[in-house]
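Work through the exercises below with the sequence and the structure in view. Each task is followed by a solution in steps.

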Amino acid sequence: MPTFFDPPTVHAPAPSYRHGALHALSGRRLVISGQVGVRPDGTTAEGLEAQFEQCLDNLIAVVEAGGMTIANLTKIVTLVTVPDALATFRAVRARKLGDHVCAATYIQVAGLARPDLLVEIEGEAVQD
């Protein structure tokens, strides 16, 4: 399993991420493409919170299909087009990932592949 850490020589992170994730690479690595707020039936979730939820549901589904669990998730990168959405993301993340905290990046962007997509989340997971 990876070891998550925060060096004392770097500012303290927000409670929802860690600065580093260290893994010896003795096992398997899963790289997860950006997941958007599209349901399995092809419809797009409406609204920011619903898209955050669907993105994380999709990401978790890929992790599980790779034979892993949320505990194996080492990093996520979140791209969002809506300003001031961090609090909403943190609330949804807490519901979906529980107390699992990994390395993370959150980026506000001007747009994604389609104008109706508000969020995209990619990730990495490792397993011994």
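Which elements do the buried residues of helix 1 pack against?

**Exercise 1. Helix 1 and its packing**

Task: Find the buried residues of helix 1, name what they pack against, and check the length of the helix.

Solution.
Step 1. The model is a predicted one. Helix 1 covers residues 48-65.
Step 2. Its buried residues are Leu48, Gln51, Phe52, Gln54, Cys55, Leu56, Asn58, Leu59, Ile60 and Val63.
Step 3. These buried residues pack against strand 3, strand 4, helix 2, strand 5 and strand 6.
Step 4. Helix 1 lies across strand 3, strand 4, strand 5 and strand 6, and runs at about 155° to strand 3.
Step 5. For the length, 18 residues at 1.5 Å a residue should span 26 Å. The end C-alpha atoms of helix 1 are 26 Å apart, so the two values agree.
Step 6. After helix 1 comes Gly67, which has a positive phi, near 80°.

**Exercise 2. The sheet**

Task: Give the strand order of the open sheet and identify its edge strands.

Solution.
Step 1. The open sheet has four strands in the order 3-6-4-5, and the pairing is mixed.
Step 2. Strand 3 (28-36) and strand 5 (103-108) are the edge strands, since each pairs on one side only.
Step 3. On average, neighbouring strands of this sheet are turned by 10° against each other, direction ignored.
Step 4. Strand 3 and strand 6 (residues 119-127) run antiparallel and are joined by seven bridges. One of the residues to look up is Val31, whose bridge partner in strand 6 is Glu124.
Step 5. Helix 2 lies across strand 4, strand 5 and strand 6, at about 145° to strand 4.

**Exercise 3. Two cysteines**

Task: Explain why Cys55 forms no disulfide with Cys102.

Solution.
Step 1. A disulfide is a covalent bond between the sulfur atoms of two cysteines. The cut-off needed here is a pair of cysteine sulfur atoms within 2.5 Å.
Step 2. The closest cysteine sulfur to that of Cys55 is in Cys102, at 15 Å, which is too far for a bond.
Step 3. Starting from Cys102, the closest cysteine sulfur is that of Cys55, again at 15 Å and too far for a bond.
Step 4. The count of disulfides is therefore zero.
Step 5. As for surroundings, Cys55 is buried at a relative accessible area of 0%, and Cys102 is buried at 0% relative accessibility.

**Exercise 4. Two loop residues**

Task: Decide whether Ala85 is buried or exposed, and do likewise for Asn72. Then list their contacts, leaving aside neighbours within four places in sequence.

Solution.
Step 1. Ala85 sits in the loop between strand 4 (73-80) and helix 2 (86-97). The cut-off for buried is under 20% relative accessible area, and Ala85, at 1%, counts as buried.
Step 2. Ala85 is in contact with Leu48, Phe52, Val80 and Tyr106, neighbours within four places left aside.
Step 3. Ala85 and Asp6 are 79 residues apart along the chain, and 25 Å separates their C-alpha atoms.
Step 4. Asn72 belongs to the loop between helix 1 and strand 4. Its relative accessibility is 4%, so Asn72 counts as buried.
Step 5. With neighbours within four places left aside, Asn72 is in contact with Met1, Glu124, Ala125, Val126 and Gln127.
Step 6. The side chain of Asn72 also reaches the backbone oxygen of Val126, at 2.9 Å.

Technical notes
Residues numbered from 1 in each chain as written. Predicted model: local features only at pLDDT ≥ 70, side-chain atom pairs only at ≥ 80, totals over all residues. Heavy atoms only, no water. Buried < 20%, exposed > 50% of the residue type's maximum accessible area, 1.4 Å probe, protein only. Helix = DSSP H or I, 4+ residues; strand = E, 2+ residues; numbered from the N terminus. Contact = heavy atoms within 4.5 Å. Pairing = 2+ DSSP bridges. Axes fitted to C-alpha atoms, helices over the stretch in contact; angles between N-to-C directions. Expected span 1.5 Å × (residues − 1). Polar contact = N/O pair within 3.5 Å; in protein donor to acceptor, adjacent residues only side chain to side chain.
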